[in-house]
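Subject: Structure handover and notes

Dear colleague,

Here is the structure I said I would pass on. Please look through it alongside the notes underneath.

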Amino acid sequence: MGEAVQHRALPGTPGGRPVPMRDEQSSAFWDAAARHVLAVAKCTKCGQATLPPDVTCPHCLTTEPEFTFEPVSGRGHIRSWTIIRRSFLQGFDLPFVLVDVELADVPGLRMIARLLDGPAAKLSLGLAVTAAFEDLTADCSVPAFRLESAA
Amino acid sequence: MSGAFKARNQVAVAGFAQSPIVRRATRPLGATAVETALQAIADAGLTVGQIDGFVSSPLMPAMGGQSAVDGLSTVSSAWLAQHLGVDASYAVGFAGIGQIAGSMSIAINAIASGAADYILFHRALHNPPGKYNDNAMSVASGTDQWIAPMGFYGALASAALTYNEYCQRYGATREAMASLVVEARKNGARIPWSAWYGKPLTVKEYLDEPTLADPMCRYDADMPVEGVACFVLTSAERARDLPNKPVYIAGYAQGYPTEHRAKMHWTLDEMTEAGARLHQRLWNVTGLRGQDIDLPQLYDGFSPFVYIWMEVLGLCGPGEAHQLALAGGIDSDRPGAIPVISGGGAIGNGRMHGIPQMLECYLQLSGRAGDRQRANVTTGLACHSTPNFGGCVAYSNEPG
């Protein structure tokens with residue numbers, strides 16, 4: 001399920017939460033996110049996954065990685081977290097939790113996103129989470145996480 | 001490089017000047033830079049006409065997307081040379097993070113190679129109007145699209161994630177960090193040009209301060225300031241004919257990222273791994289390890305970075321830095337403690353980047369620290385940024 005997001009201003013408008021500007025390399029990631037699917041970039045030369053896609057493959061160092069985005073389960077565990085009480089970005093309701101999550105399907109691959117369980121959630125290292133999505137606009141959803149125990 | 005630094009102790013710092021460090025400037029940064037440069041040149045016993053090299057790192061660190069204007073919000077080497085009326089033979093800058101170690105390596109090599117005889121090395125920091133790190137982006141493009149839509153942006157959140165990973169892994173507390181921050185502010189409060197001169201912080205004030213990005217509060221971050229520091233570098237041989245006791249450069253080591261992740265996603269493991277490589281490099285180049293240094297001055301742009309530097313330099317075991325801090329083990333007034341932030345650092349002086357660390361090494365090793373002068377100090381290490389992007393420069397007051 002997508003999460004209803006309350007905003008002072010609409011995402012992508014002045015004062016609103018930032019929305020991603022798709023580009024040639026990222027559009028498949030955001031297309032997947034819009035369908036509430038978390039995808040990672042796979043190098044077509046070595047088959048290893050990364051996020052975000054870089055100019056070269058960080059694993060095999062090819063200059064022509066021709067990344068394709070492939071779905072992952074979205075499951076992972078918490079490597080760190082912080083409660084943001086003062087955001088340098090606009091459009092977020094404070095406070096909120098950021099988690100640094102290592103994905104179960106790709107050991108070592110970590111991404112930072114919001115934890116939607118709220119600041120009162122009791123957290124610890126290694127806690128299992130699963131991907132969730134925040135619907136910012138009609139065609140734009142961004143990845144977040146939820147505690148697996150609550151999902 | 002496979003072996004020891006060939007120019008070890010062949011390059012020296014011959015003089016310095018530090019402007020007052022203020023929250024907001026009342027005049028253009030370039031004017032302060034010109035005056036501070038003139039003071040440093042005079043302090044080294046030289047005249048402007050003798051300076052033939054300029055090295056700096058003209059980055060404005062504000063994250064708000066402000067544009068940089070040379071002479072107003074940054075001061076480049078070429079700008080400073082021109083505005084001192086010098087037709088420099090060598091005027092270059094370092095682009096990257098870890099500006100002080102990076103630009104110092106350029107300056108050191110220029111003296112060692114003979115590219116310049118006398119180098120004016122400077123760092124000028126500007127605090128632009130408005131909120132320093134706020135970013136009004138409503139569309140996140142390029143590398144920002146992988147972080148900002150998900151709520152992650154800026155160095156404070158980045159450092160808080162790294163720090164909380166440390167806290168959770170090793171049981172570090174805000175009480176331990178209070179002792180580190182109070183130590184930095186105690187030392188900064190003794191330095192006349194510091195933005196925090198005469199303004200120490202108490203443990204209670206630290207603990208009562210609300211967090212901004214848990215477990216960090218504003219006292220864990222250095223305050224944006226306006227200020228200029230200048231040093232004069234020359235060969236060890238020439239420095240011996242100048243008025244101040246020379247401080248020689250034993251070598252330097254840089255650190256680099258070991259992992260590919262989203263912008264500002266710096267993990268504890270990456271800092272530790274990059275730090276181990278950096279420490280090995282320091283040993284290869286200088287024959288010094290962290291525990292050999294009398295005066296390690298560790299970077300504290302965010303307070304937890306001091307823990308990380310302490311551990312990668314082997315000043316304590318992994319995960320032990322917070323215990324050492326809590327037990328008074330970094331109290332510069334305590335015999336037997338490791339004075340890792342005796343110069344006040346960035347938290348105790350204001351956001352002069354790695355300058356307070358470099359300046360403390362210079363002042364103590366040249367015997368010019370006044371009331372704060374420490375006894376029996378022959379080696380210093382000035383660290384800047386974090387080990388995965390920054391570096392360190394080793395100093396000695398013994399030639400050869």
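The notes below go through the contact between the chains, then chain A, then chain B.

Please keep in mind throughout that this is a predicted model.

**Between the chains**

On the chain A side, 47 residues are in contact with 37 residues of chain B. About 3600 Å² is buried between chain A and chain B, and carbon and sulfur atoms give 59% of that area. Four salt bridges are counted between chain A and chain B. A salt bridge also pairs Arg85(A) with Asp214(B), where the closest N and O atoms are 2.8 Å apart.

Over all chains, the count comes to 29 salt bridges. Some of the bridges share partners, and one network formed in this way takes in Arg79(A), Asp100(A), Glu102(A) and Arg110(A) together with Glu165(B), Arg169(B) and Asp269(B).

**Chain A: a sheet and its charged pairs**

Chain A has an open sheet of three strands in the order S4-S3-S5, and the pairing is antiparallel. The edge strands are S4(A), residues 49-50, and S5(A), residues 68-71, each of which pairs on one side only. Strand S3(A), residues 39-42, is joined to S4(A) over two bridges in the antiparallel sense. Within this arrangement, Lys42(A) stands opposite Ala49(A) of S4(A).

Lys42(A) turns up again in a salt bridge, this time with Glu70(A), at 3.5 Å between the closest N and O atoms. Lys42(A) belongs to S3(A) and Glu70(A) to S5(A), so the salt bridge ties together parts that are 28 residues apart in sequence. How accessible are the two partners, Lys42(A) and Glu70(A)? Lys42(A) counts as partly exposed at 27% relative accessibility, and Glu70(A) is partly exposed as well, with a relative accessible area of 34%.

A further salt bridge involves the loops of this region: Lys45(A) and Glu66(A), with the closest N and O atoms 3.6 Å apart. Lys45(A) is in the loop between S3 and S4 of chain A, while Glu66(A) is in the loop between S4 and S5, and the two are 21 residues apart. Lys45(A) is partly exposed, its relative accessible area being 46%, whereas Glu66(A) counts as exposed at 52%.

Elsewhere in chain A, the side chains of Arg17(A) and Glu134(A) meet in a salt bridge, 2.7 Å from N to O. This pair links distant parts of the chain: Arg17(A) is in the loop between S1 (2-3) and S2 (19-20), and Glu134(A) is in strand S9 (128-137), 117 residues apart. Are these two residues buried or exposed, taking Glu134(A) and Arg17(A) in turn? Glu134(A) is buried, with a relative accessible area of 2%. Arg17(A) is likewise buried, with a value of 0%.

**Chain B: aromatic residues**

A search of the whole structure gives 16 aromatic pairs over all chains. One of them is formed by Tyr166(B) and Tyr170(B), which are edge-to-face, with 4.9 Å centre to centre and 65° between the planes. Both tyrosines lie in helix H4(B), residues 155-170, and are four residues apart, about one turn of the helix. Tyr166(B) is buried, at 2% relative accessible area, while Tyr170(B) counts as partly exposed at 27%.

One aromatic cluster is made up of Phe16(B), Phe121(B), Trp193(B), Phe231(B) and Tyr362(B). Two arginines lie over the faces of rings. Arg238(B) is over Tyr118(B), at 5.6 Å from the ring centre, and Arg289(B) is over Trp283(B), at 4.3 Å from the ring centre.

**Chain B: helix H12**

Tyr362(B), a member of the cluster above, is also among the buried residues of H12(B). Helix H12(B) spans residues 355-365 and is mostly covered, with eleven of its eleven residues buried. These include Ile355(B) and Pro356(B), as well as Cys361(B) and Leu365(B). Polar and charged residues are on the list too, including Gln357(B), Glu360(B) and Gln364(B). Gly367(B) follows H12(B) and has a positive phi, near 75°.

Regards

Notes. Residues numbered from 1 in each chain as written. Chains lettered and ligands numbered in written order. Predicted model: local features only at pLDDT ≥ 70, side-chain atom pairs only at ≥ 80, totals over all residues. Heavy atoms only, no water. Buried < 20%, exposed > 50% of the residue type's maximum accessible area, 1.4 Å probe, protein only. Pairing = 2+ DSSP bridges. Phe/Tyr/Trp six-rings, centres within 6.5 Å; stacked < 30°, edge-to-face > 60°. Lys NZ or Arg CZ within 6 Å of the ring centre and 35° of its normal. Contact = heavy atoms within 4.5 Å. Buried area = accessible area lost by both parts, 1.4 Å probe.
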